[in-house]
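Me: Here is a chain to go through by question and reply. Please keep the answers short.

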Amino acid sequence: MATIVGQSGAWQTLASDLARRGYTISTPRELPPLLRKMEKTRPQLIDASRAKTLRAIHQLTARIAALAAERGLFRRLINSFRIRALKTEIAALYKADSLYSSALDQAIVDLRSFLNSAELAGAEEELAVIERLRTLPSSAVAFNDVRLNATSYIRFNGAALISAQIDHVVLTHAGVFVIETKRWSHRFVESGQFYSPFEQVSRANYLCYDLLREKFGKMRVRSVIACGGSLPDAPLESYVKVVRPESLSSYISGCRNTEMAPELFSKLRSFFEGRVGSPNAS
């Protein structure tokens, strides 16, 4: 079993977005049960929120009554400001209560949309690819969400090459594999509204090759697209290998040429480990 370093960058982004909305989710598998629970318990959630609001309002009303009952001109003057602030809190609670049900309904709609989103499909595909990479031999190391920054000015296919985010980088004694994961529908591919995945992985490959050449000398870096859906036609003379996710491990294992010594392997492992999920890495 291969060593896995890092997590799916696409899933981490989505999980962070869900956390900001109040949902702590570890895997996509937890999303459908969460939606069903929200739909099923909607009336109870509304009742519980209203009961909590009424308890808070009751406590604030009691504090207002206690402040109003205090005697003394100076005390009553000070308390008038406190009472005004408490009444503002009560008004805010009533407003929040009136908006709760619509906010809950919107959250349910958003979660349904999220479950059908291309972003989630892409994240699920990355997670599936990581599980496939886990089946590689124990000598292999798979790095996920690798961030690379150029250390000098580079041009690739006529455009500046500054940085790259790579879904997966696999290190074996046969070399380095730069892997992009895609799960696009046929309709999306037909739309043409995308950046070429072949160009994307080729640019990432070249930046990876250039950085490794600068530090360790020339070595083999292969470009791979793990495709769980549709892709546009590959450009002429493309050196990018397209494989189905279920065939990815066998393809990598099939590259058996021993191209690096153990000492170099160790140095490359340290290089990529320092660039997992690190946007400022160089």
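**Helix H7, cores and rings**

Reply: Helix H7 covers residues 197–216, 20 residues in total, and spans 28 Å from its first C-alpha to its last, close to the 28 Å expected at 1.5 Å a residue. The expected span is 1.5 Å times one less than the number of residues; helices (H or I, at least four residues) and strands (E, at least two) are DSSP runs, numbered from the N terminus. This is a predicted model, in which local features need pLDDT of at least 70 and side-chain atom pairs pLDDT 80 or more, while totals for chains, interfaces and linings use all residues. Residues are numbered from 1 along each chain as its sequence is written, and side-chain values use heavy atoms, without hydrogens and water.

Me: At the start of H7, which backbone nitrogen does a side-chain oxygen of serine 196 reach?
Reply: The contact is polar (a pair of N or O atoms within 3.5 Å; within protein, one must be able to donate a hydrogen and the other to accept it, and residues adjacent in sequence count only if both atoms are side-chain atoms). The oxygen comes to within 3.2 Å of the backbone nitrogen of phenylalanine 198.

Me: Which element gives the largest share of the largest nonpolar core?
Reply: A nonpolar core is a set of buried Ala, Val, Leu, Ile, Met, Phe, Trp, Tyr and Cys residues joined through side-chain atoms within 4.5 Å. Among the 34 members of the largest one, Cys208 and Leu212 are two of those that touch the most other members. Both residues are buried in H7. The largest share, 7 residues, comes from H7.

Me: Why is the pair of phenylalanine 156 and tyrosine 206 described as stacked, tilted or edge-to-face?
Reply: Rings of Phe, Tyr and Trp (its six-membered ring) pair if their centres lie within 6.5 Å; planes under 30 degrees apart are stacked, over 60 edge-to-face and the rest tilted. Here the centres are 5.2 Å apart and the planes are at 35°, so the pair is tilted.

Me: Is tyrosine 206 buried or partly exposed?
Reply: Buried means under 20% relative accessible area, exposed over 50%, and partly exposed in between (1.4 Å probe, protein chains only). With a relative accessible area of 30%, tyrosine 206 is partly exposed.

Me: Over which ring does the charged end of arginine 275 sit?
Reply: A charge sits over a ring if NZ of Lys or CZ of Arg is within 6 Å of the ring centre and within 35 degrees of the ring normal. The charged end of arginine 275 is 3.9 Å from the centre of the ring of phenylalanine 271.
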